[in-house]
Amino acid sequence: MIRINLVPVKVSKKEIEIRKQAILAGLVVLAALGTVYSLHNSITTKIDQVVKNTADTEAKLKQLDSTVKKIEEFKKQKAELEKKLDVINTLIKSRAGPVRVMAELAVSMPDKLWINDFNMSSASLELKGIADAESTVVDFAQRIKEQKHLGDVTIKELQGGKQNSPQGTLREYVEFTISCGVKLSG
């Protein structure tokens, strides 16, 4: 048979105090472990967030690097195109100059005058040729003075005679050299 002791057992105060301290120590350890665990989770979450932000930032940097490379390529292309446009504009200006001068010379030229040599620089023009008389050369010089892109006409040389006539001709001709200024702006 089983016996049950219903008599209260006397527990000493010392044992009760030890139990209280053990329970208190256990609670303190549990609280410390809980605090450490929550701090660990908090720090781990922050670390994960920083790692994620770093990865996002690096991805954005790579994307921006490719954008910067594209911008640099566009700048190089723009510089090349600007150089090409400058060359084209220079060619257009230089092409238009001689054409204008030649057109004005064609309008100014009398019937019995021929130009054998045409030398043009940026600001001057020298013409060498032959004419039937001195008056034709002087008339040509006067007509040149009236042109928009030509001016400062000087007859440098004017020679005539049978010895200067082209071979096989019976008429006398006058050789001339005319220099004039060229004004292409405007």
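Buried here means under 20% relative accessible area. The legends below use that word for a predicted model, so keep it in mind as you move through the close-ups.

**Figure 1. Phe140 and Phe176 meet edge-to-face.** Let us start with Phe140, which counts as buried because its relative accessibility is 0%. Phe140 pairs with Phe176, with 6.5 Å from centre to centre and 65° between the planes. An angle over 60 degrees is what earns a pair the name edge-to-face. Phe176 is buried too, with a relative accessible area of 2%. Phe140 comes from helix H2 (residues 134-145) and Phe176 from strand E4, so this pair ties together parts that are 36 residues apart in sequence.

**Figure 2. The buried residues of helix H2 share one face.** Which residues of H2 are buried? They are Thr136, Val137, Phe140, Ala141 and Ile144. Looking down the axis of H2, you will find these buried residues within an arc of 140°, so they line one face of the helix. The length of H2 can be checked as well: at 1.5 Å a residue, its twelve residues should span 16 Å, and the end C-alpha atoms are 17 Å apart, which agrees.

**Figure 3. Arg143 and Asp139 form a salt bridge within H2.** The closest N and O atoms of the two residues are 3.4 Å apart. Arg143 and Asp139 are four residues apart in the helix, about one turn. Are these two residues buried, exposed or partly exposed? Arg143 is partly exposed, with a relative accessible area of 29%, and Asp139 is also partly exposed, at 31% relative accessibility.

**Figure 4. Trp114 and Tyr173 make an edge-to-face pair.** The model has two aromatic pairs in its count. For Trp114 and Tyr173, the ring centres are 6.2 Å apart and the planes stand at 70°, so the pair is edge-to-face. Trp114 sits in strand E1 (residues 113-120) and Tyr173 in strand E4 (residues 173-182), so the contact ties together parts that are 59 residues apart in sequence. The surroundings of the two rings can be read from their accessibility: Trp114 counts as partly exposed at 39%, whereas Tyr173 counts as buried at 15%.

**Figure 5. Strand E2 pairs with E1 and with E4.** Begin on the E1 side, where seven bridges join E1 to E2 (residues 124-131) and the two strands run antiparallel. How many residues lie between E1 and E2 in their hairpin? There are three residues between them. Trp114, the residue from the previous view, has Ile130 as its bridge partner in E2. Now turn to E4: E2 and E4 pair in the antiparallel sense over eight bridges. One of the residues to look for here is Ser124, whose bridge partner in E4 is Gly181.

**Figure 6. A salt bridge joins Glu126 and Lys156.** How many salt bridges does the structure hold? It holds two, and the one shown here brings the side chains of Glu126 and Lys156 to 3.7 Å, N to O. Glu126 lies in strand E2 and Lys156 in strand E3 (residues 150-161), so the salt bridge ties together parts that are 30 residues apart in sequence. Glu126 is partly exposed, with a relative accessible area of 24%. Lys156, on the other hand, is exposed, with a relative accessible area of 54%.

**Figure 7. The side chain of Thr57 reaches the backbone of Asn53.** Our last stop is helix H1 (residues 13-108), where Thr57 has its place. A polar atom of the Thr57 side chain lies 2.7 Å from the backbone oxygen of Asn53. Thr57 is partly exposed, with a relative accessible area of 45%.

Terms used: Residues numbered from 1 in each chain as written. Predicted model: local features only at pLDDT ≥ 70, side-chain atom pairs only at ≥ 80, totals over all residues. Heavy atoms only, no water. Phe/Tyr/Trp six-rings, centres within 6.5 Å; stacked < 30°, edge-to-face > 60°. Buried < 20%, exposed > 50% of the residue type's maximum accessible area, 1.4 Å probe, protein only. Expected span 1.5 Å × (residues − 1). Arc of directions from axis to C-beta. Pairing = 2+ DSSP bridges. Salt bridge = Lys/Arg side-chain N within 4 Å of Asp/Glu carboxyl O. Polar contact = N/O pair within 3.5 Å; in protein donor to acceptor, adjacent residues only side chain to side chain.
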